[in-house]
Amino acid sequence: MIQVAIIGTGNISHAHIHAYMQFPQRVRIAALVDIIPGKAQKVKEQYGLDCDVYLDHKDILGREDITLVDVCTPPYVHAPISINAMRAGKNVICEKPMAPSLAECDEMIRVRNETGVKFSSIAQNRFRKPIRDLKTLLDSGIAGPVRHATVNSAWWRGHCYYDLWWRGTWEKEGGGCTLNHAVHHIDMLGWMMDLPKRVTSILANTAHDNAEVEDLSISILEYPGALADLTASVVDHGEEQVLTFQCEKAKIAAPFSVYASVSKPNGFPERNETLEKEIAAFTDSLPEIPWIGHDGQIENVLTAIENDTDVAIKGEDGRRTIELITAIYKSGATHQAVELPLQKEDPFYTVEGIMAAVPHFYEKTTSAVDLEGGPITLGSDYKK
């Protein structure tokens with residue numbers, strides 16, 4: 001049986017705990033770690049877990065029974081904790097974002113290669129049928145090549161959201177809604193279309209004067225033969241998250257919708273219901289996904305450990321997402337278009353370089369140890 005230590009027992013850890021509890025014959029939560037005294041103990045009691053509790057992740061590194069470390073901390077310590085765990089011979093799951101900088105991502109990948117352990121960067125929405133179906137549709141070519149993609153990473157967070165001690169600072173959160181919310185949609189876009197060649201972005205903070213970071217960004221991404229527009233927001237009521245791909249023959253989107261057009265002799269559109277039915281039938285024929293979201297990704301990692309196979313979502317996937325986010329921050333900070341790929345000599349390659357260049361929209365004024373309010377929202381399930 002796999003023994004796992006969860007590092008960080010804040011909001012997102014509950015999704016991970018729930019996932020591990022789906023597989024009681026395969027995995028056991030052996031340790032909870034949190035730097036805030038009493039916090040891990042409270043979570044242990046909440047779930048009735050038979051596990052040890054620690055204040056420092058280094059205390060579990062020497063435990064030979066623990067073979068998987070799950071990093072659910074604020075972003076600024078994702079890299080050092082993951083690297084320490086891998087060097088101790090532990091397999092690692094790391095929550096999004098993989099790390100705030102490309103330099104950290106590259107070091108994480110280097111240590112993974114050096115140690116030979118498994119490393120998976122969380123991108124749980126790939127384990128949702130509407131997203132998997134959309135990826136399969138695009139790969140099939142049934143709708144033709146993409147001409148225009150629109151990605152709306154629309155979230156809403158109240159003013160007090162940024163009162164939590166680590167949020168709202170470039171140093172600890174690593175960025176605002178682009179890094180910590182749109183990371184999901186940027187991963188999905190990268191999975192489906194890879195990296196663009198050029199990025200032009202605008203950053204703003206329109207509603208959260210207790211945060212240094214952006215709460216809204218709008219970007220134009222240039223691909224060979226296509227454009228994409230990407231909005232990252234925590235000021236959008238309703239949190240209507242949509243990925244739309246306007247392809248040569250049809251529009252396809254998640255939540256699922258399809259519309260196909262053909263040209264009349266005068267160039268105006270006529271609906272192509274035959275192709276729409278073909279696309280819908282293709283989607284309907286695709287199999288279900290047995291485990292959804294975090295459950296699905298964690299099950300995949302457990303299988304990879306058990307069978308010594310590759311994980312579905314690797315460090316390279318997490319790095320690709322960070323590369324596009326870094327380009328967005330560079331463009332927004334410099335007010336210039338940014339070419340990809342970014343080079344190691346680029347000032348934005350490191351955390352230090354990013355922090356020296358990005359704008360402080362406001363200064364953080366509150367630093368709460370915890371925020372009450374019940375369960376958090378994890379975004380759309382992309383169903384109709």
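Modeller: Before the empty spaces are read, a rule for sorting residues is needed: Ala, Val, Leu, Ile, Met, Phe, Trp, Tyr, Cys and Pro count as nonpolar, Asp, Glu, Lys and Arg count as charged, and the others, Gly among them, count as polar. This is a predicted model, in which local features need pLDDT of at least 70 and side-chain atom pairs count only at pLDDT 80 or more, whereas totals for chains, interfaces and linings use all residues. Residues are numbered from 1 along each chain as its sequence is written, and side-chain values use heavy atoms, with hydrogens and water left out.

Biologist: How is empty space located, and how many cavities of 30 Å³ or more are found in the whole structure?

Modeller: Rolling a probe the size of a water molecule over the atoms shows where empty space is left. On a 1 Å grid over the protein atoms alone, a cavity is a set of points where a 1.4 Å probe fits but cannot get out; a pocket is an open set with protein on both sides within 12 Å along at least five of seven lines; lining residues have an atom within 4 Å of a point. Points are joined across faces, edges and corners, and the volume is the space filled by probe spheres set on them. Here the search finds two cavities of 30 Å³ or more. The largest has a volume of about 60 Å³, and the second largest has about 40 Å³.

Biologist: Which residues line the largest cavity, and of what class are they?

Modeller: The lining consists of Lys96, Pro97, Met98, Ser121, Ile122, Ala123, Val183, Asp187, Ile313, Gly318 and Thr321. Two elements, helix 7 (183-193) and helix 10 (315-334), give two or more residues to this lining. Helices (H or I, at least four residues) and strands (E, at least two) are DSSP runs, numbered from the N terminus. By class, six lining residues are nonpolar, three polar and two charged.

Biologist: What surrounds the second largest cavity?

Modeller: Pro100, Trp170, Gly174, Val351, Ile354 and Met355 form its lining. Five of these residues are nonpolar, one is polar and none is charged.

Biologist: How much space lies in the second largest pocket, and which element gives the most to its lining?

Modeller: This pocket holds about 220 Å³ of space. Helix 5 gives the most, with five residues; helix 5 (129-140) and helix 8 (273-284) each supply at least two. The lining includes Asp133, Thr283 and Lys384, and by class it has six nonpolar, one polar and five charged residues.

Biologist: Is Asp133 buried or exposed?

Modeller: Buried means under 20% relative accessible area, exposed over 50%, and partly exposed in between (1.4 Å probe, protein chains only). Asp133, in helix 5, counts as buried because its relative accessibility is 6%. The side chain of Asp133 makes a polar contact with that of Arg132 at 2.8 Å. A polar contact is a pair of N or O atoms within 3.5 Å; within protein, one must be able to donate a hydrogen and the other to accept it, and residues adjacent in sequence count only if both atoms are side-chain atoms. Leaving aside neighbours within four places in sequence, Asp133 is in contact (heavy atoms within 4.5 Å) with Thr283 and Leu286.

Biologist: How many salt bridges does a search of the whole structure find?

Modeller: A salt bridge is a side-chain nitrogen of Lys or Arg within 4 Å of a carboxyl oxygen of Asp or Glu. The search finds 23 salt bridges. One of them joins Arg110 to Glu114, with the closest N and O atoms 3.0 Å apart. Both residues lie in helix 4 (residues 102-115), four residues apart, or about one turn of the helix. Arg110 is partly exposed at 38% relative accessibility, and Glu114 is exposed at 53%. Arg87, Glu107, Arg110 and Glu114 are linked in a network of salt bridges.

Biologist: Which parts of the chain does the salt bridge between Arg126 and Asp187 tie together?

Modeller: The closest N and O atoms of Arg126 and Asp187 are 2.8 Å apart. Arg126 lies in the loop between strand 6 (119-121) and helix 5, and Asp187 lies in helix 7, so the pair ties together parts that are 61 residues apart in sequence. Arg126 is buried at 8% relative accessibility, and Asp187 is buried at 6%. Asp187 is also among the residues that line the largest cavity.
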